[in-house]
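Here is a walk through this model, going from the sheet outward to the side-chain pairs. Keep the viewer open as you read.

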Amino acid sequence: MKKTAFALGLLSSLMFASAAHAQAVAPAATAPAPTVAKLVYNELADARAELNQALAAAQAQRKNVLVVFGANWCGDCLALDRKMSAGSLSEHVGKRLVVLKVNVGRFDRNVDLAAQIGVSLKKGIPAVAVLANDGSVIKATNGGELADARNMGDEAVLKVLEGLHSKT
């Protein structure tokens, strides 16, 4: 009888401990997964392949390509992306340009592509170039024109982008 009572007591303790553990674990298991912010610049992308895709899309849509060199750690790059994704800038960009965002990492990724296109990264990022849909460079920023994008108004950014469409 003592063995049975002991066994029942032990079984009861194990069941209680198991239930307590399940309650402690259950909230974590059913909690929603943390939201991960979408990266603006694809850090794993093959920039040259994406450029070829952007040029093909631009040809099909009869648009130019806006190549934006930046990085996910760069506040001005993220600010420019937000500005170009809404309002009058979004309309301007959507009507005239196919946008390609190229990650430069810590200035250790795709800098050769920037140089090939004629974009200097020395005065900061974001730095951009507008290419005709045949791949020829129309114009690029080389003086840090957008490197303070977070403090620029939409009109100032629009002025820079419009200045890139015409050869001068």
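Start with strand 3: Ala-127, Ala-129 and Leu-131 point one way from it, Val-128 and Val-130 point the other way, and all are buried. That alternation is what you'd look for, since in a regular strand the side chains alternate between the two faces of the sheet. Counted as a whole, strand 3 is mostly covered, with 5 of its 5 residues buried. Bear in mind that this is a predicted model.

Now zoom out to the sheet. What order do the strands take? The sheet is open and built from 4 strands in the order 2-1-3-4, with mixed pairing. Strand 2 and strand 4 (137-140) stand at the edges with a single partner strand each, so one side of each has no neighbour in the sheet. From one strand to the next, the twist averages 20°.

As background, strands of a sheet pair through backbone hydrogen bonds, either parallel or antiparallel. On one side of strand 3, 5 bridges join it to strand 1, and the two run antiparallel. To find your place in that pairing, look for Leu-66, which stands opposite Val-130 in strand 3. Strand 3 (residues 127-131) is also joined to strand 4, by 3 bridges, and this pair runs antiparallel too. Here Val-130 stands opposite Lys-139 in strand 4, and Ala-129 stands opposite Ala-140. So Val-130 makes a handy landmark: it stands opposite Leu-66 and also opposite Lys-139. The hairpin of strand 3 and strand 4 has 5 residues between the strands, and in it Gly-135 takes a positive phi near 95°.

Next, the helices that lie across the sheet. Helix 3 lies across strand 1, strand 2 and strand 3, running at about 150° to strand 1. Helix 4 (residues 87-96) lies across strand 1 and strand 2, and its angle to strand 2 is about 105°.

Helix 3 also turns up among the charged pairs. How many salt bridges are there? The count comes to 3. One of them is formed by Asp-81 and Lys-101, whose closest N and O atoms are 2.8 Å apart. The pair links distant parts of the chain, with Asp-81 in helix 3 and Lys-101 in strand 2, 20 residues apart. Asp-81 is buried at 14% relative accessibility, whereas Lys-101 counts as partly exposed at 29%; the cut-off for buried is under 20%.

Another salt bridge joins Arg-150 and Asp-76, with 3.0 Å between the closest N and O atoms. Arg-150 sits in the loop between strand 4 and helix 6 (154-163) and Asp-76 in helix 3, so the pair ties together parts that are 74 residues apart in sequence. Asp-76 is buried, with a relative accessible area of 8%.

The remaining salt bridge brings together the side chains of Arg-48 and Asp-112, at 3.4 Å from N to O. Since Arg-48 lies in helix 2 (residues 47-61) and Asp-112 in helix 5, this pair ties together parts that are 64 residues apart in sequence. Both ends get some exposure: Arg-48 is partly exposed, with a relative accessible area of 36%, and Asp-112 is partly exposed at 47%.

On to the rings. The count comes to 1 aromatic pair. Trp-73 and Phe-107 meet edge-to-face, 6.2 Å centre to centre and with 65° between the planes. This pair also spans distant parts of the chain: Trp-73 is in the loop between strand 1 (64-70) and helix 3 (75-84), Phe-107 is in the loop between strand 2 (97-103) and helix 5 (111-117), and the two are 34 residues apart. Trp-73 is partly exposed, with a relative accessible area of 39%, and Phe-107 counts as partly exposed at 38%.

Finally, a word on cysteines. A disulfide is a covalent bond between the sulfur atoms of two cysteines. How many disulfides does the model contain? The count is 0 disulfides. As for where the cysteines sit, Cys-74 counts as buried at 5% relative accessibility, and Cys-77 counts as buried at 0%.

Terms used
Residues numbered from 1 in each chain as written. Predicted model: local features only at pLDDT ≥ 70, side-chain atom pairs only at ≥ 80, totals over all residues. Heavy atoms only, no water. Disulfide = S-S within 2.5 Å. Buried < 20%, exposed > 50% of the residue type's maximum accessible area, 1.4 Å probe, protein only. Phe/Tyr/Trp six-rings, centres within 6.5 Å; stacked < 30°, edge-to-face > 60°. Pairing = 2+ DSSP bridges. Axes fitted to C-alpha atoms, helices over the stretch in contact; angles between N-to-C directions. Contact = heavy atoms within 4.5 Å. Salt bridge = Lys/Arg side-chain N within 4 Å of Asp/Glu carboxyl O.
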